[in-house]
Amino acid sequence: QVQLVESGGGLVQAGGSLRLSCAASGSISSINVMGWYRQAPGKERELVATITPGGSIKYADSVKGRFTISRDNAKITVYLHMNSLKPEDTAVYYCHSKNALTSTTYWGQGTQVTVSS
């Protein structure tokens, strides 16, 4: 049984920072592309950042230059360090994983990030 568990969310003032982590357990493959999505109240879920096993990274334009994604391939763990947070970053952040060969996908339960003005 595969499980993704996010942690690190919370309440922070605008301009502050948080680090999210996503720990994988079970029979998940180390070749998975890992990433983060977020969903604000009343809005669609959107991509934040992804990272491949080889270290290729992409960011949404809205977070580029402020957020940094990283991973530990041995642990199949992904991190999202968020700097210069804005109120519009407020959302539930979801960990995501996709196997590049089988297209099997997994989602975490989400962690709330709230940025006050």
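These legends describe close-up views of a predicted model.

**View 1. Four charged residues form a network.** Arg38, Glu46, Arg66 and Asp89 are linked by salt bridges. The count of salt bridges in the model comes to three. Side chains of opposite charge can pair when their charged atoms come close. The next three views take the pairs in turn.

**View 2. Glu46 meets Arg38.** The two side chains form a salt bridge, with N to O at 2.8 Å. Are these residues buried or exposed? Glu46 counts as partly exposed, because its relative accessibility is 36%. Arg38 counts as buried, because its relative accessibility is 5% and the cut-off for buried is under 20%.

**View 3. Arg38 also pairs with Asp89.** The closest N and O atoms of this salt bridge are 2.9 Å apart. Where do the two residues sit in the chain? Arg38 belongs to strand E4, residues 32-39. Asp89 lies in the loop between strand E8 (77-82) and strand E9 (91-99). The pair links distant parts of the chain, 51 residues apart. Both Arg38 and Asp89 are buried.

**View 4. Asp89 forms a salt bridge with Arg66.** Here the closest N and O atoms are 2.8 Å apart. Asp89 is in the loop between E8 and E9, and Arg66 is in the loop between strand E6 (57-59) and strand E7 (67-72), so the salt bridge ties together parts that are 23 residues apart in sequence. How buried are the partners? Asp89 has a relative accessible area of 0%, so Asp89 is buried. Arg66 has a relative accessible area of 11%, so Arg66 is buried too.

**View 5. A disulfide joins Cys22 to Cys95.** The structure holds one disulfide. Its S to S distance is 2.0 Å. Which parts of the chain does the disulfide link? Cys22 is in strand E3, residues 18-25, and Cys95 is in strand E9. These parts are distant along the chain, with the two cysteines 73 residues apart. Both Cys22 and Cys95 are buried.

**View 6. The S-S bond between Cys22 and Cys95 has a handedness.** Is the link left-handed or right-handed? The angle about the S-S bond is -85°, and the link is left-handed.

Technical notes: Residues are numbered from 1 along each chain as its sequence is written. This is a predicted model: local features need pLDDT of at least 70, side-chain atom pairs count only at pLDDT 80 or more; totals for chains, interfaces and linings use all residues. Side-chain values use heavy atoms; hydrogens and water are left out. Buried means under 20% relative accessible area, exposed over 50%, partly exposed in between (1.4 Å probe, protein chains only). Helices (H or I, at least four residues) and strands (E, at least two) are DSSP runs, numbered from the N terminus. A disulfide is a pair of cysteine sulfur atoms within 2.5 Å.
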